[in-house]
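Please look at the sequence and the 3D structure shown here before reading on. The report is written for a reader who is new to structures of this kind.

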Amino acid sequence: MENLTGMNTLKECEKGQVEKIFISGKMRNRLNDLGLIEGTCIECLYRNHGLSAYLIRGAVIALRTEDTSFIKVTKIKADT
């Protein structure tokens, strides 16, 4: 897994694919319920004051930056 980085490092309009989630318990179950699992493609839509909005499986989901730091993604390069 090259170029693995925290989901919290994605900038607005950047896309990534979830590779590993280092969260357990209720929060892990909540993320799974929202469709955030390994292999999911995501896009960062908005970042501000410790909260970010992501497009996940067609839905916009807001997550705290501290939670997304435990989600590792591979950035997907934009088509040129």
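The text below goes through confidence, the sheet, two residues of one strand and the salt bridges.

This is a predicted model, and the protein chain has a mean pLDDT of 92, with 95% of its residues reaching 70 or more. Within the chain, confidence is highest in strand S2 (residues 15–21), at 97, and lowest in helix H2 (residues 65–68), where the mean is 92. Where pLDDT is low, predicted coordinates should not be read in detail.

**The sheet**

Six strands make up an open sheet, and if one walks across it the order is S1-S6-S2-S3-S4-S5, with antiparallel pairing. Because strand S1 (4–6) and strand S5 (59–64) each have a single partner strand, they stand at the edges, and one side of each is left without a neighbour in the sheet. On average, neighbouring strands of this sheet are turned by 45° against each other, direction ignored. At one edge, strand S4 (residues 51–56) pairs with S5 in the antiparallel sense over six bridges, and the bridge partner that Tyr 54 has in S5 is Ile 61.

**Two residues of strand S3**

Strand S3 (residues 41–48) contains Tyr 46, and Cys 44 lies in strand S3 as well. Is Cys 44 buried or exposed? Cys 44 counts as buried because its relative accessibility is 0%, where buried means under 20%. Tyr 46, by contrast, counts as partly exposed at 44% relative accessibility, and together with Leu 45 and Val 60 it makes a nonpolar surface patch of about 280 Å². Cys 44 and Thr 5 are 39 residues apart in sequence, while their C-alpha atoms are 14 Å apart in space.

**Salt bridges**

The structure holds three salt bridges, and the table gives the N to O distance for each of them.

| Pair | Distance, N to O |
|---|---|
| Lys 75 and Glu 14 | 3.7 Å |
| Arg 28 and Glu 38 | 3.5 Å |
| Asp 67 and Arg 64 | 2.9 Å |

The pair of Lys 75 and Glu 14 links distant parts of the chain, since Lys 75 is in strand S6 (residues 71–76) and Glu 14 in the loop between S1 and S2, 61 residues apart. Arg 28 lies in helix H1 (residues 25–33) and Glu 38 in the loop between H1 and S3, so their pair ties together parts that are 10 residues apart in sequence. In the remaining pair, Asp 67 is buried, with a relative accessible area of 12%, whereas Arg 64 is partly exposed, with a relative accessible area of 43%.

Notes:
Residues are numbered from 1 along each chain as its sequence is written. This is a predicted model: local features need pLDDT of at least 70, side-chain atom pairs count only at pLDDT 80 or more; totals for chains, interfaces and linings use all residues. Side-chain values use heavy atoms; hydrogens and water are left out. Two strands pair if DSSP finds at least two bridges between them. Helices (H or I, at least four residues) and strands (E, at least two) are DSSP runs, numbered from the N terminus. Axes are lines fitted to C-alpha atoms, for helices over the stretch in contact, and angles run from 0 to 180 degrees between N-to-C directions. pLDDT is the predictor's confidence in each residue, from 0 to 100. Patches are made of residues with over 30% relative accessible area and no salt bridge: like charges are joined within 9 Å, nonpolar side chains (Val, Leu, Ile, Met, Phe, Trp, Tyr) within 5 Å. Accessible areas come from the Shrake-Rupley method with a 1.4 Å probe; for residues, only the protein chains shown count as cover. A salt bridge is a side-chain nitrogen of Lys or Arg within 4 Å of a carboxyl oxygen of Asp or Glu. Buried means under 20% relative accessible area, exposed over 50%, partly exposed in between (1.4 Å probe, protein chains only).
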